[in-house]
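Grab a pencil and open the viewer. Below are a few short exercises, each with a solution worked through step by step.

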Amino acid sequence: MTYKFALVLDEKRLERIKGSPLESLIKSSFGGRVKTLDFEVPEDVAKRILSEFPAARVDSRGYIEDVPVAFRKAVFEAVAKHKSTGREVWDEVFSRLEEIKQMAAKEKEYLPPPE
């Protein structure tokens, strides 16, 4: 099965990936009002995400959903840093997994506003 991951992009995030090969992965919805960076996730990575976050699931389109906001932020930071959606992104994210889980645990009490 093919797994996918989507990151919602605001103007600030769009600027960070502008001019990179990532621009070809951007999709528009709702008449262009919402932009997402959609990319495939290797099967082993998808399985690890699903095992690390009990609420995570794969929707009917094959997208990994219901992951913590802290995890999505970490994925975006790694994607923007590497200007890639490759293995190096997931290696960086998983190297910070304990920190991400600690931040995710706080989300049940308080969800921070976007920066």
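**Exercise 1: a charged pair between two helices**

At 36% relative accessibility, E77 counts as partly exposed, because that term covers everything between buried (under 20% relative accessible area) and exposed (over 50%), with a 1.4 Å probe and protein chains only. Before going on, note that this is a predicted model, where local features need pLDDT of at least 70, side-chain atom pairs count only at pLDDT 80 or more, and totals for chains, interfaces and linings use all residues. Residues are numbered from 1 along each chain as its sequence is written, and side-chain values use heavy atoms, with hydrogens and water left out.

Task: find which side chain meets E77 in a salt bridge.

Solution.
- Start with the idea: side chains of opposite charge can pair when their charged atoms come close.
- The cut-off for a salt bridge is a side-chain nitrogen of Lys or Arg within 4 Å of a carboxyl oxygen of Asp or Glu.
- R16 is the partner, at 3.0 Å from N to O.
- Now place the two: E77 sits in helix α3 and R16 in helix α1, so this pair links distant parts of the chain, 61 residues apart. Helices here are DSSP runs of H or I with at least four residues, strands are runs of E with at least two, and both are numbered from the N terminus.
- R16 is partly exposed too, at 35% relative accessibility.

**Exercise 2: along helix α2**

Task: work out what E52 pairs with and touches.

Solution.
- E52 lies in helix α2.
- Its side chain meets that of R48 in a salt bridge of 3.5 Å, N to O. The two are four residues apart in the helix, so about one helical turn separates them.
- R48 is partly exposed, with a relative accessible area of 35%.
- Leaving out residues up to four places away in sequence, E52 touches L97 and K101 (contact means heavy atoms within 4.5 Å).
- With K101, the side chain of E52 makes a polar contact of 2.5 Å, side chain to side chain. A polar contact is a pair of N or O atoms within 3.5 Å; within protein, one must be able to donate a hydrogen and the other to accept it, and residues adjacent in sequence count only if both atoms are side-chain atoms.
- K47 and E43 form another salt bridge, with their closest N and O atoms 3.2 Å apart. They are four residues apart in helix α2, so again about one helical turn lies between them.

**Exercise 3: pairing the strands**

Task: say how many bridges join β1 to β3, and how many join β2 to β3.

Solution.
- Two strands pair if DSSP finds at least two bridges between them.
- Between β1 and β3 there are seven, and the strands run antiparallel. L9 has K35 in β3 as its bridge partner.
- Strand β2 (residues 26-29) joins β3 through four bridges, also antiparallel. Here K27 is partnered by T36.
- Four residues lie between the strands in the hairpin of β2 and β3, where F30 takes a positive phi near 50 degrees.

**Exercise 4: the core**

Task: name the helix that gives the most to the largest nonpolar core.

Solution.
- A nonpolar core is a set of buried Ala, Val, Leu, Ile, Met, Phe, Trp, Tyr and Cys residues joined through side-chain atoms within 4.5 Å.
- The largest one has 32 residues, of which F5, I49, F71, V75 and W90 touch the most other members.
- Helix α3 gives the most, with eight residues.
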